[in-house]
Amino acid sequence: MDELIIGLDTLWVLLGAALVFFMQPGFAMVETGFTRAKNAGNIIMKNVMDFAIGSVIFWLLGFGLMFGSDIAGLIGAPDFLIRGDYGADGGYTSFAFIIFQTVFCATAATIVSGAMAERTKFASYCLYSLLISACIYPVSGHWIWGGGWLSQLGFHDFAGSTAVHTVGGVAALIGAAIIGPRIGKYDSNGKSHAIPGHSLTLGALGVFILWFAWFGFNGCSTVSISSAESATAAASIFVTTNLSAAAATLVTMLLTWVRYGKPDVSMTLNGSLAGLVGITAGCDAVSPLGAAIIGAICGLLVVFAVEFIDKGLKIDDPVGAIAVHGVCGASGTLLLGLFSVDEGLLYGHGLHFLGVQALGVVSVIAWVAVTMFIIFNLLKKTIGLRVTPAEEIAGLDITEHGLVSSYADFMSVTHNIYEVTEPQAPCAAAVTLPNLAETIPEAAAGSSGISKVVIITRRTRFEALKNALSALGVTGMTVTEVMGCGLQKGATEFYRGVAVETKLVPKVKVEVVVSKVPVNAIVEVAKQVLYSGTYGDGKIFVYDVQNVIQVRTGKEGFDALQYPEIDK
């Protein structure tokens, strides 16, 4: 009989570990869908490395700090390579518990990825992931789950609203604040500009995966299924988890419908996750009604939190991780102090339990905020935390991983050239504008005196080229996104160590038609702006134009190219 119980409980914990691991692709899909296509590969890599790095360092160091013998209620005794036995007497085995806790650690680490997406150096992110899994998460985790001082006071966080999600959310807040917003997110007046993600379909898939896997995150945290009591508890947790998520989703959808005039898809998806995060602390301790109320409150909070973080704090969080995990994780833990059936204030049990919950939340926030502030600033001042503006504009897939596109077989997936996310690059000081009076050539016999100049170059140089041409007096241009390659046959790309055959690379084509501005002046300025001495600087084509007709007025030739002020 004992062997059957051990087998059932171990199987239950392993099922939970597998489901919580499945949250990694869920997070990856949410983050990828809510960001731009040019960074999709980088997002995937960061989520993979969160789990890989976290698994190794948690085994080497973090697990012992979290679950080793208690030292003054503050930290566990190190148990390098996990040589102790952490199984339950008559229950799950040690290895089952180890892998279960490992996947929880990886979840805390990966929350930060989305908030700092599209501008973080890959190497710096890997170092962050190592440090949070090695000591930041394990220390506060020991306070809550490892027999530390908070657990001794009676702090209750059943599956990790604070232990996992608030830790990740606060780390995301500090990281996003230190690294700064993406290029073009805020204008010179501090007004926020929307930078839509490239695939709400992927984002929704990620949310569905997370909702499904959360039944393991919460339900399997009973770490037992062999008794009638534990089976009943697990079933109850499944119900409260689902109700909170569903209530939050509905409330967020309705609130955005009222505030924005339409039900907002991406915010509603955030609402689902907010409800899941909020109920995680008390999924075992609240009634179904209490779960629905907690979910509804989190569904309201996430909308206002996203807006406040974006517009008030001016912190750029592309996926809403700070609001979902930080705000709703802390709020869900506090709300347990109200809605706990056995200890909650609303059930007549006084303020003591609510006070303990508040103390725990504040303590964990302070620990994570201070340590992550130090870590991120050290990374910033040493190896650097942020990529260069040129790398950010080109996309981290190509600049960090040499990946031209994460959607190689889907040529319809393109990148916007001119959008609010591009920097307003001034005309470089090194560009010398020619004297137009000295560069006007004599028109060839039979020529209309009108020329068309076509410039094909890197997308990252568009803003500088546009500003330089404007300074020269060019008043109109046509800009097209194109694909192509020159004699270099496209940028060399490797897949699994093998060179990929020639591919077209993204370029921008700028076309201007001029008569008043000399062609050779345009060519000279373009050459100065675009030159780097490497393949891909671009090409300039010059054509004679027979005639230009302005449709509105019927004017032709030189007059058709002039501003309306001249039409007098």
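How much area does the protein chain expose, and what share of it do carbon and sulfur atoms supply? The chain exposes about 25000 Å², and 65% of that comes from carbon and sulfur atoms. Keep in mind that this is a predicted model.

**The overall picture**

We're looking at a chain of 568 residues, with 51% of them buried. Its secondary structure runs to 17 helices and 8 strands. As for how the chain folds back on itself, take the contacts between residues at least 6 apart in sequence: 77% of these join residues at least 24 apart.

**Two nonpolar cores**

In soluble globular proteins, nonpolar side chains tend to be buried together. Here the largest nonpolar core counts 101 residues, and the members that touch the most others are Tyr128, Tyr137, Met372 and Phe376. Helix H4 gives the most to this core, at 13 residues. There's also a second, separate core with 21 residues, Ala468, Leu472, Ala526 and Leu530 among them.

Back in the largest core, Phe376 is worth a click. Setting aside neighbours within four places in sequence, Phe376 is in contact with Val112, Met116, Tyr128, Ala171, Ile174, Gly175, Ile178 and Leu385. One of those partners, Tyr128, is also on the list of residues that touch the most other core members.

**Helix H2, wrapped up by its neighbours**

Why is helix H2 described as largely enclosed by the rest of the structure? The helix spans residues 23-33, and 10 of its 11 residues are buried, meaning that they fall under 20% relative accessible area, so the rest of the structure largely encloses it. The buried set is Met23, Gln24, Gly26, Phe27, Ala28, Met29, Val30, Glu31, Thr32 and Gly33. And what do they pack against? The partners are helices H1 (2-21), H3 (40-67), H4 (94-115), H8 (200-219) and H12 (321-339). H4 thus turns up here as a packing partner of H2, as well as in the largest core.

**Empty space: a cavity and a pocket**

Rolling a probe the size of a water molecule over the atoms shows where empty space is left. The structure holds 2 cavities of 30 Å³ or more. Here's how the largest cavity and the largest pocket look in terms of volume and lining:

| Space | Volume | Lining by class |
|---|---|---|
| Largest cavity | about 80 Å³ | 7 nonpolar, 3 polar and 1 charged residues |
| Largest pocket | about 730 Å³ | 13 nonpolar, 9 polar and 8 charged residues |

The cavity is lined by Phe27, Val30, Glu31, Ile111, Asn270, Leu273, Val319, Gly320, Ala321, Val324 and His325. H2, H10 (265-279) and H12 are the elements that give two or more residues to that lining. From H2, then, buried Phe27, Val30 and Glu31 are part of the cavity wall.

The largest pocket has 30 lining residues, and those closest to its centre are Lys185, Ala194, Ser266, Val306 and Asp310. H10 and H11 (288-312) each supply at least two residues of the lining, with the largest share, 5 residues, coming from H11.

**A stop at Ser272**

H10 contributes to the lining of the cavity and of the pocket, and Ser272 sits in this helix. Is Ser272 buried or exposed? At 4% relative accessibility, Ser272 counts as buried. Beyond its neighbours within four places in sequence, Ser272 is in contact with Val207, Trp211, Ala245 and Thr249.

Methods:
Residues numbered from 1 in each chain as written. Predicted model: local features only at pLDDT ≥ 70, side-chain atom pairs only at ≥ 80, totals over all residues. Heavy atoms only, no water. Buried < 20%, exposed > 50% of the residue type's maximum accessible area, 1.4 Å probe, protein only. Helix = DSSP H or I, 4+ residues; strand = E, 2+ residues; numbered from the N terminus. Contact = heavy atoms within 4.5 Å. Core = buried A, V, L, I, M, F, W, Y, C linked by side-chain atoms within 4.5 Å. 1 Å grid on protein atoms, 1.4 Å probe; cavity = no way out; pocket = protein on both sides within 12 Å on 5 of 7 lines; lining within 4 Å. Points joined across faces, edges and corners; volume = space filled by probe spheres on them. Nonpolar A, V, L, I, M, F, W, Y, C, P; charged D, E, K, R; others polar. Areas by Shrake-Rupley, 256 points an atom, 1.4 Å probe, with all protein chains shown as cover.
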